[in-house]
Amino acid sequence: MLQKTFKILLFILVLQLSTNSNAQGFAAGDTSTEDMVISYNIEIKTGSKRTSIAETYNGGSKTVFISKNKTRIRLLSLMRIESFFFLPGADSTIHIYQEKESAAKSNPRQVSLSNWQRLNLKYDSAYYKPVAGESKKILGYNCKKAIIYLKDGRTITAYYTEAIKPLRAICEPAFASLPGLALEYTYNYKSGSSTYTATSIKREMINPDIFLLKGKQPSHIRL
Amino acid sequence: MPDSQNDILKRLSQHEEKPPEFLFEKILVEVRHGHKENSWQDLKDHSFTPPPELYQHIRQKWMQERSQKRSPVFFIRKYRAIAAILLAGMLAVAIYMLLPGKRAVEPLAEKKPAPAGQSIDSARKSDSATLNAKADTLSRQVNRKKRSVPAWHSSGTQQIPFVNNDLLSSLMECTNCNFAAYFTEKKRIILDIDQYSAVAISDKMRLFMQALYTTNRRGKSTHKSRKTKRILVRWQKADAAYFDNESSRTALDPLDLTEFLINNNKK
C-alpha cells in the first residue's frame, strides 16, 4: 500500500516537473517562428442576476492561430462564431478578412486598411503603465500587471508575459504597446466586466485549413 | 231512526256544562302550589324493565329498517369517496407531469469548472470520463421517467447537427436530440467544435436553456419553452443588428463586445 502511494506521488512529481520545464522551454526559445495556438476563455460579468444576452458569450473562447506570417483570431461563442484572418498578400502586404462563420452562408469580406484603422481608432496612442509589485502566474508564465490607457479615458487591465512575443501590432492593436503577450486582460464597464484568460498555449503544427477562408465547417458538434 | 241518533249526537256535541265553582278553585290551587309534586317525583324514580324478547324484537326491527333505508346512501357515498380519491390521484400525477423541474433527471453531483491553466482538452476529457461513469445511472433514471426525459446516450457524449454553423441555432433547432438531460445536470457543458475550439455553457445559460426542452404530456413544447426560444431569437436579432454590416465595431473587440452586452443587460 505504502509502495503504491509512493509510486503515485513520484509519478505526479515527474509530471509536474515535465510541465514546468515545458513552460520554461517555451519561454527560453520563443524566437522561433513555429506554429502556436493560444486559447482564451471569455468570462462576462454583467453585475446583474438576470440572464441576459451576455450569457451567450460567457464561457466562449477566443483562439489565436499563428503560423509563420499568417494569423487568425477566432471568437467562438453560443451566439457568434467569427474570425479575422491576417494573410500575406502577393505584394507582401497583409490582407485582412472578416468572416462570420455562424451564418447560413459564410461570406468572408476583405477589410480595407482604412476600415481596419477606423475599427481600431480607439487604440490609437494607447499606452501602458506597469503596476509595480503585482504579478501572477498564468499557464506557468510569470505575468506582470499593466494598465493600458486609451485616449478617451477607458482602460484595460492586462497581465502580460515577456517570455512570449506579442502578436503583430496590426492583429491586436489594443495590446500593441505591451512588451509581451497578454495572457489575461479585463475591461471594466459600468457595473460589469469581461475577462479573457489564456487557458492553453500549444506549440504544434496547425492544420493549414485553419487559414482557409470559407474553410470546411464541421457538420456536427460534440456535446 | 238514524236521523234521530244524529240529532242526539249533534246536540250532545254542542252540550256544555259549567263545572261547580269550588272544583275549579281546587284544581287551580293544586296546579299553582304543586300539590302533585311528590307524585311526579315518584313517577320519575319509577323504573320498569321491558321484557327481553321485546327489546330483541325492537332492535331487530330497527336494524332491518336501517339496512333497508341506508344501504343505497352508503354505497353512493362509498363510490363518491373512491371517485374523489382517484380524481385527486390523477390531478396529483398531472401536476407532477406538468412541473418542468420535476420532469428533469435528478441532478448529479456538481462539478467544479476547469481551473485556469488547465487546457480545454483536459477539461473535456475529464467531462467525458464523468459522463461515461454516470451514463448507466442516468439511463436508469431516465427509464424511470420515460415520458418526461429523453433517453441518454450510453456513450456519454453526443453529436448534434451543426445548423448553419451556429451553436445557438443548433441547440434550439435540435428538438429531437437527446441532450435535454445535459441541461438539467449541475455540471459544466462543453461544446466541441473542432480540435482547437470549444465553448463552455455558463451556469446561468444552462439553467435558462433547461426551459427550452420542456414538453407537455403530449410531447409538444411548453409555453415556457416557446417563450425561451422567442427570447433567444430576439437576442440573435439584436446581436446581428449591432455587429453585422457595421464597420465601426466588431464582436472580436473586447471593448465593443463588453459595452454591447452590458448595455443590453435586459431579457
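Trainee: Which strand pairs with β4(A) in the antiparallel sense, and over how many bridges?
Mentor: Strand β5 of chain A, residues 94–100, over seven bridges. Strands pair if DSSP finds at least two bridges between them. Strands (E, at least two residues) and helices (H or I, at least four) are DSSP runs, numbered from the N terminus.

Trainee: Is this model predicted, and what are the ground rules?
Mentor: It is a predicted model: local features need pLDDT of at least 70, side-chain atom pairs count only at pLDDT 80 or more, and totals for chains, interfaces and linings use all residues. Residues are numbered from 1 along each chain as its sequence is written, while chains are lettered from A and ligands numbered from 1 in the order in which they are written.

Trainee: Back to β5(A). Which residue there is the bridge partner of A:Ser83?
Mentor: A:Glu99.

Trainee: What is the strand order in the open sheet?
Mentor: β6-β5-β4-β3-β2-β1-β11-β10-β9-β8-β7 in chain A, 11 strands with antiparallel pairing.

Trainee: Which strands stand at the edges?
Mentor: β6 (109–111) and β7 (127–138) of chain A. Each has a single partner strand, so one side of each lacks a neighbour in the sheet.

Trainee: New topic. How many residues of chain A are in contact with chain B?
Mentor: 59, and they meet 54 residues of chain B. Contact means C-beta atoms, placed from the backbone, within 7 Å.

Trainee: Which element gives the largest share of chain A's side?
Mentor: β11(A), with six residues.

Trainee: Which helix of chain B lies across β1, β10 and β11 of chain A?
Mentor: α10, residues 254–263, running at about 30° to β10(A). Axes are lines fitted to C-alpha atoms, for helices over the stretch in contact, and angles run from 0 to 180 degrees between N-to-C directions.

Notes
Contact = placed C-beta atoms within 7 Å.
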